[in-house]
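Grab a pencil and work through these exercises with the structure open beside you. Try each task before you read its solution.

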Amino acid sequence: MILNIIFLFFTIYLLVQSIIEQRPYYKKMKRSIGFRGGKIIYIDKPQEVKKKGVIYGKLLKSDKYGLSGKPDYIYQLGEELIPIELKSSQAEDTPYYKDVMQLVAYFLIIEDVYQKRVKRGRVVYKNSMFEVYNRRSLRRELFNILKQMKKMQEGNYLPEVNPSYALCKFCPCKETVCEIYKNTSK
């Protein structure tokens, strides 16, 4: 009898998790940066006039994940920490994949540094804003990307690409983990 009840609860839990995982990982919202009732605890800019309790421009490092970064802002809303990333480009119906992965990396960094689970973050474009939820599937995608980058650094992996000077010129991986840019610029 007890095993049946445990099995029932486990099945319901798995069903709820699958429903949650199938919902979109983002929500398009009216463009705004702050949170009513929230306070800024981190800004990636040096300021001449500094507010007490705010960290300015410090590189956040996660030894656990081997990541480091500087989100544009981190807001605290109650006990929740929310990273915000500002972009100078425009986006229409969905956030750009690279920006989502950057935000997911900030989720991991903040969780390691502040020891608090991050539930969501925001990517703010010139014309729109997206709230991105910290989903297991997104974390898995980031971990796969990190594995590929590590293999590239070790020389054990080269992605299939069609190198182009125009495309490689602005790639964030140029001259870091990818050697293709050097070969196209000659």
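The exercises below go from the whole chain down to single residues, and the model they use is a predicted one.

**Exercise 1. The overview**

Task: Work out how many helices and strands the protein has, and in what order they come.

Solution:
- Step 1: Count the elements. You should get five helices and nine strands.
- Step 2: Walk along from the N terminus. The order reads α-β-β-β-β-β-β-β-α-β-β-α-α-α.
- Step 3: Look at burial. The protein has 186 residues, and 34% of them count as buried.
- Step 4: Look at contacts. Take those with a separation of 6 or more: 63% of them are between residues 24 or more positions apart.

**Exercise 2. The neighbours of strand 2**

Task: Find which strands pair with strand 2, and say for each whether the pairing is parallel or antiparallel.

Solution:
- Step 1: Start with strand 6, residues 73–77. It pairs with strand 2, residues 39–43, in the antiparallel sense, over four bridges.
- Step 2: Pick out a residue in that pairing. Lys39 sits opposite Gln76 of strand 6.
- Step 3: Now go to strand 3, residues 55–56. Here the pairing with strand 2 is parallel, with two bridges.
- Step 4: Find a bridge partner here too. Ile43 is matched with Tyr56 in strand 3.

**Exercise 3. The buried face of helix 3**

Task: Decide where the buried residues of helix 3 lie around its axis, and find what covers them.

Solution:
- Step 1: Check the length. Helix 3 covers residues 136–154, which is 19 residues, and spans 27 Å from first C-alpha to last, close to the 27 Å expected.
- Step 2: List the buried residues: Leu138, Arg139, Leu142 and Met152.
- Step 3: Look down the axis. The buried residues of helix 3 fall within an arc of 135 degrees, so they line one face.
- Step 4: Recall a handy rule. An α-helix has 3.6 residues a turn, so residues three or four places apart point the same way.
- Step 5: See what lies over the buried residues of helix 3. Helix 2 and strand 9 are among the elements that cover them.
- Step 6: Step past the end of helix 3. Next comes Gly155, with a positive phi near 80 degrees.

**Exercise 4. Ring pairs**

Task: Count the aromatic pairs, then classify the pair Tyr65 and Phe143 and the pair Tyr96 and Tyr125.

Solution:
- Step 1: The count comes to three aromatic pairs.
- Step 2: Take Tyr65 and Phe143. Their ring centres are 5.8 Å apart and their planes meet at 25 degrees, so this pair is stacked.
- Step 3: Place these two residues. Tyr65 is in the loop between strand 4 and strand 5, while Phe143 is in helix 3, so the pair links parts of the chain 78 residues apart.- Step 4: Check their exposure. Tyr65 is partly exposed at 22%, and Phe143 is partly exposed at 30%.
- Step 5: Turn to Tyr96 and Tyr125. Their ring centres are 5.7 Å apart with planes at 80 degrees, so the pair is edge-to-face.
- Step 6: Place these two as well. Tyr96 is in the loop between strand 7 and helix 2, Tyr125 is in the loop between strand 8 and strand 9, and they are 29 residues apart.
- Step 7: Compare burial. Tyr96 is partly exposed at 39% relative accessibility, whereas Tyr125 is buried at 0%.
- Step 8: Look for a cluster. Ring pairs join Tyr96, Tyr125 and Phe130 into one.

**Exercise 5. Tyr97 and its contacts**

Task: Find which residues Tyr97 touches, leaving out those up to four places away in sequence.

Solution:
- Step 1: Locate Tyr97. You'll find it in helix 2.
- Step 2: Check its exposure. Tyr97 is partly exposed, at 43% relative accessibility.
- Step 3: List the residues it touches. Tyr97 is in contact with Glu141 and Ile145.
- Step 4: Look for a polar contact. The side chains of Tyr97 and Glu141 are joined by one of 2.8 Å.

**Exercise 6. Two loop residues**

Task: Decide whether Gln115 and Ser128 are buried or exposed.

Solution:
- Step 1: Find Gln115 in the loop between helix 2 and strand 8. With a relative accessible area of 61%, Gln115 is exposed.
- Step 2: Recall what is usual for the backbone. Most residues other than glycine have a negative phi.
- Step 3: Check the phi of Gln115. The value is positive, near 55 degrees.
- Step 4: Find Ser128 in the loop between strand 8 and strand 9. Ser128 is at 2% relative accessibility, so it counts as buried.
- Step 5: See what the side chain of Ser128 meets. One of its polar atoms lies 2.8 Å from the backbone oxygen of Ala91.

Note on methods
Residues are numbered from 1 along each chain as its sequence is written. This is a predicted model: local features need pLDDT of at least 70, side-chain atom pairs count only at pLDDT 80 or more; totals for chains, interfaces and linings use all residues. Side-chain values use heavy atoms; hydrogens and water are left out. Buried means under 20% relative accessible area, exposed over 50%, partly exposed in between (1.4 Å probe, protein chains only). A polar contact is a pair of N or O atoms within 3.5 Å; within protein, one must be able to donate a hydrogen and the other to accept it, and residues adjacent in sequence count only if both atoms are side-chain atoms. Two strands pair if DSSP finds at least two bridges between them. The expected span of a helix is 1.5 Å times one less than its number of residues. The arc is that of the directions from the helix axis to the C-beta atoms. Contact means heavy atoms within 4.5 Å. Rings of Phe, Tyr and Trp (its six-membered ring) pair if their centres lie within 6.5 Å; planes under 30 degrees apart count as stacked, over 60 as edge-to-face and the rest as tilted.
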